[in-house]
Amino acid sequence: DDGSAATAPPEYEAALKGYARCDRLLFYTRPGVETAATLGLSRSALRFVPLGVRPRRDEPLPPGDYLLAVGRDSRDWATLAEAAQGLKMDVAVVGPASVPEPGPLRLEPQVSGDAFFALLEGAAAIVLPFARTDRPIGHLSMLAAMSVGRPIVATRSPGVEDYISEDIGSVVPPRDPRALRVALEELSDPTVAAEKGRAALIAARTAFSLERFVREVDHEARGETS
């Protein structure tokens, strides 16, 4: 990169000087690579390495009878509530302190660890309705869903499409309840949810496996190529 595209904010200048001395800079989204290049870092040092996850089972369970929305910060609960009005399948929510009321969203108690993964496995699909679309967000939740073979609906934001393809879920425009409703209805069909859930678990074993991630990071640290 010729460094002519943009000037970094003053508060980033010291960090960028340090980054410029690195042989490799790894990013878990492609937009992160592009942003770094725009700020003047050498494109030859920038690498996209997707995050990885360890699958939690060999085969996914049959799809459950509810959709599960997860997350605490930067979630668009209002758009999800509008999209879920009259939906045949319940939409459970875990993460925030509250959800819009009255409305169709069912707030679940806060859980973590195995209890959280039990909620994931009990769902038909995972919903990530992002409010912020100016930075990468929610990738660990996407990988958690893949690890148990659950398809994903997510709002388009930087790097989402690096992880969610059509065979494992849907990416919808921000603040678009109609598009979100269509995606929710599609994954309310057990046949569709099962098919995309199987593809999600395969992705957790291949493109987003933890072993692949460790191998690629090691290769980059050694200055090798995969």
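**Exercise 1. Helix H5 and what follows**

Task: In this predicted model, find the residue that follows H5 and give the sign of its phi. Then work out how many residues of H5 are buried and what they pack against.

Solution:
- Step 1. Go to the end of H5: the helix is followed by Gly149, and the phi of Gly149 is positive, near 75 degrees.
- Step 2. Now look back at the helix itself, residues 139-147. H5 is mostly covered, with 8 of its 9 residues buried.
- Step 3. Name the buried ones: His139, Ser141, Met142, Leu143, Ala144, Ala145, Met146 and Ser147.
- Step 4. Look for the partners. The buried residues of H5 pack against S3, helix H4 (113-122), S6, S7 and H7.

**Exercise 2. Pro60 and its contacts**

Task: Locate Pro60, then list the residues it contacts, leaving aside its neighbours within four places in sequence.

Solution:
- Step 1. Pro60 is placed in the loop between strand S2 (46-48) and S3.
- Step 2. Outside that stretch of neighbours, Pro60 is in contact with Val148, Gly149, Arg150, Gly197, Arg198 and Leu201. You have already met Gly149, the residue that follows H5.
- Step 3. Pick out Arg198 and compare chain with space. Pro60 and Arg198 are 138 residues apart along the chain, yet their C-alpha atoms are separated by 6.5 Å.

**Exercise 3. The two sides of helix H6**

Task: Which residues of H6 are buried, and why can we say that they line one face?

Solution:
- Step 1. In H6, residues 177-187, the buried residues are Pro177, Leu180, Arg181, Ala183, Leu184 and Leu187.
- Step 2. Look down the helix axis. The buried residues of H6 fall within an arc of 165 degrees, so they line one face of the helix.
- Step 3. Recall a general rule: an α-helix has 3.6 residues a turn, so residues three or four places apart point the same way.
- Step 4. Check the other side of H6, where Arg178 and Val182 are exposed.
- Step 5. Find the cover. The buried residues of H6 are covered by parts that include strand S3 (66-70), helix H3 (77-83), strand S6 (125-128), S7, S8 and H7.

**Exercise 4. Aromatic rings**

Task: How many aromatic pairs does the whole structure hold, and how is each one arranged?

Solution:
- Step 1. A search of the whole structure finds 2 aromatic pairs.
- Step 2. Take Phe116 and Phe117. Their centres are 5.7 Å apart and there are 70 degrees between the planes, which makes the pair edge-to-face. Both Phe116 and Phe117 are buried.
- Step 3. Take Tyr163 and Phe208. Their ring centres are 5.0 Å apart and the planes lie at 15 degrees, so this pair is stacked.
- Step 4. Ask where these two rings sit. Tyr163 is in the loop between strand S7 (152-155) and strand S8 (169-172), and Phe208 is in the loop between helix H7 (190-205) and helix H8 (210-221), so the pair ties together parts that are 45 residues apart in sequence. Both Tyr163 and Phe208 are buried.
- Step 5. Look for charges over rings. The charged end of Arg56 sits over the ring of Phe117, 3.7 Å from the ring centre. The charged end of Arg106 sits over the ring of Tyr66, 5.8 Å from the ring centre.

**Exercise 5. Unusual backbone**

Task: What kind of peptide bond joins Glu101 and Pro102, and is Arg175 buried or exposed?

Solution:
- Step 1. Start from the general picture: most residues other than glycine have a negative phi, and most peptide bonds are trans.
- Step 2. Glu101 and Pro102 are joined by a cis peptide bond, with omega about -5 degrees. Pro102 lies in the loop between strand S4 (90-94) and strand S5 (105-107).
- Step 3. Arg175 is not a glycine, but has a positive phi of about 50 degrees. Arg175 is in the loop between S8 and H6.
- Step 4. Exposed means over 50%. Arg175 has 57% relative accessibility, so Arg175 counts as exposed.

**Exercise 6. Empty space**

Task: What volume does the largest cavity have, and which element gives the largest share of the lining of the largest pocket?

Solution:
- Step 1. The count comes to 1 cavity of 30 Å³ or more. The largest cavity has a volume of about 40 Å³.
- Step 2. Among the residues that line the largest cavity are Arg175 and Leu180.
- Step 3. Turn to the largest pocket, which holds about 410 Å³ of space. Its lining has 17 residues, and Phe27, Gly32, Thr35, Ala36 and Leu39 lie nearest the pocket centre.
- Step 4. Helix H1 (13-19), strand S1 (25-27) and helix H2 (30-38) each supply at least two lining residues. H2 gives the largest share, 4 residues.

Definitions and conventions. Residues numbered from 1 in each chain as written. Predicted model: local features only at pLDDT ≥ 70, side-chain atom pairs only at ≥ 80, totals over all residues. Heavy atoms only, no water. Phe/Tyr/Trp six-rings, centres within 6.5 Å; stacked < 30°, edge-to-face > 60°. Buried < 20%, exposed > 50% of the residue type's maximum accessible area, 1.4 Å probe, protein only. Lys NZ or Arg CZ within 6 Å of the ring centre and 35° of its normal. Arc of directions from axis to C-beta. Contact = heavy atoms within 4.5 Å. 1 Å grid on protein atoms, 1.4 Å probe; cavity = no way out; pocket = protein on both sides within 12 Å on 5 of 7 lines; lining within 4 Å. Points joined across faces, edges and corners; volume = space filled by probe spheres on them.
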